[in-house]
Every structure is written in structure tokens, then in C-alpha cells.
Amino acid sequence: MPFTRPASLDAAVTRLVEGNRRFVEEHPVAPVPSFHRIELASGQSPFATILGCSDSRVPIETIFDQQPGNLFVVRVAGNIVNDDGLASIEYAITVLDSMLVVVLGHTQCGAVKAALDFVETNALLPGHMQLLADAITPAARSTSRDNGDWWHDAVIENVRMNAAAVTQRSTIVADAVREGRVRVAGATYDLHSGVVSFLD
Ligand SMILES: [Zn+2]
């Protein structure tokens, strides 16, 4: 099961959804047998590429219950698209035939919170950390602190903006999407429930 490619883009999404359900229901599939590891040593064709947050509570393969070889993962605090991450995504699509690109945010993201704090106080973060706050600031500014849960709204908006940015900034991704070879999706992970919700 883990090493067959999904037959369609819909089937690829379903594989992630079903894997997350196994994780939530606490019956993940068995560990990888050695012959699969040896098989993988000769090459990879991960069906999905995930741009996720570095947060230690959001381990990508674990929450989707996927074995080695299935996911190509880019992680950076705040799951933002930067040039290096975009190059990695383009590599996954062009060389590894990855079918999905999922920008995955999560509840209570510290990087998003830092951007909200920056918008409120204008206090700069030390070192390189301000770069992350700057990248997330558009999502913080386009959501309202008066709507009840600014933090959560900004998490979702940050996912939407970065999912859009993947195709806006990469003609490789845009062409693949137009040709029906690739789908770009946004999703959020709930730290409490363990559930991944794909955005419309
Ligand atoms: Zn985070």
C-alpha cells in the first residue's frame, strides 16, 4: 500500500486524509520492513510534498501516518514560502513526480503569534527571526483582531496566502497545475484533536 502511487489527484488527497484518520484513531500502520527500505534506496517518488511548520508538535510523516518514501517535506517556522523552499517544491514536482503540494499550518503556531505581536507592538525580533515575522505579517494585517480568534484566523490566512504564493511565484508549479499533474492545497492541523482539515 505505501509504495504504490495514488491513481489520481483525488486519490492522493484521500491517502493523506485516511492516514491522518489512522493517526487520530491511534492505529497507525506497521513500521517499514527492511526490504522496503532497501527498495527505497534505489529511488524515491513521494506522492505528496508538504510545506509544514518546524513546530515539534507537528511531525509530518507521523500525523499523516506515512512511511518513508511517501512524503517530500519542507519545514520552516510558520510554513512560509521562501526561495529555497520553493526550489525544493519545484524539485519534487519536476524530478520526483510529486502530485500534491500541501501548505500545512497548525493551531497555536508560535511564528504566527510572533507576527501578531509585531503588528500590535512594532517591536522587532532579534537576529533573523524578524524575517519570519515579516513574512507572516500580511496574514496578520489582513485578519482582524476583533473577530474573536485573531490567532486562528491568521493561521488560516497564512496558509491561504502561502498556498497561493506557491503557484504565483513558480511557473513550474503553475504549469503543472494547469496541466492537471499537480494540485496545490492548504490545510491546518489541530494540536488538540490531531485532525488535519483541508481548506476549501
Ligand atoms: Zn508553527
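Biologist: Two residues are in contact if their C-beta atoms, placed from the backbone, lie within 7 Å. And what are helices and strands here?

Modeller: They are DSSP runs numbered from the N terminus: H or I over at least four residues for a helix, E over at least two for a strand. This is a predicted model, where local features need pLDDT of at least 70, side-chain atom pairs count only at pLDDT 80 or more, and totals for chains, interfaces and linings use all residues. Residues are numbered from 1 along each chain as its sequence is written.

Biologist: How many helices and strands are in the protein chain?

Modeller: Eight helices and five strands. Along the sequence the pattern reads α-α-β-α-β-α-β-α-α-α-α-β-β.

Biologist: What is the radius of gyration of the protein chain?

Modeller: It is 17 Å, which agrees with a compact globule of 200 residues, where a value near 16 Å would be expected. That is taken over C-alpha atoms, and the rule is 2.2 Å times the number of residues to the power 0.38. The C-alpha atoms fill a box of roughly 55 × 40 × 35 Å along the principal axes.

Biologist: What share of the residues is buried?

Modeller: 38% of the 200 residues. Buried requires 20 or more other C-beta atoms within 10 Å of the residue's own, with C-beta atoms placed from the backbone.

Biologist: Change of topic. Where is the kink in H6?

Modeller: At Ala 135, shortly before the proline Pro 138, and it is about 35°. The bend is the angle between axes fitted to the seven residues ending there and the seven starting there. H6 covers residues 129–141 and reaches 18 Å from its first C-alpha to its last, close to the 18 Å expected. The expected span is 1.5 Å times one less than the number of residues.

Biologist: Which residues of H6 are buried, and what covers them?

Modeller: Leu 132, Ala 133, Ala 135, Ile 136, Ala 139 and Ala 140 are buried. Their cover includes helix H5 (110–121) and helix H7 (150–169).

Biologist: And H5: which of its residues are buried?

Modeller: Ala 111, Val 112, Ala 114, Ala 115, Leu 116 and Phe 118. H6 and H7 are among what covers them. Just after H5, Asn 122 takes a positive phi of about 65°.

Biologist: What about Ile 50: buried or exposed?

Modeller: Ile 50 is buried, because 27 other C-beta atoms lie within 10 Å. Ile 50 belongs to strand S1 (residues 48–52).

Biologist: Which residues is Ile 50 in contact with, leaving aside neighbours within four places in sequence?

Modeller: Ile 60, Leu 71, Val 73, Val 102 and Leu 104.

Terms used
A residue is buried if 20 or more other C-beta atoms lie within 10 Å of its own, exposed if 12 or fewer, and partly exposed in between; C-beta atoms are placed from the backbone.
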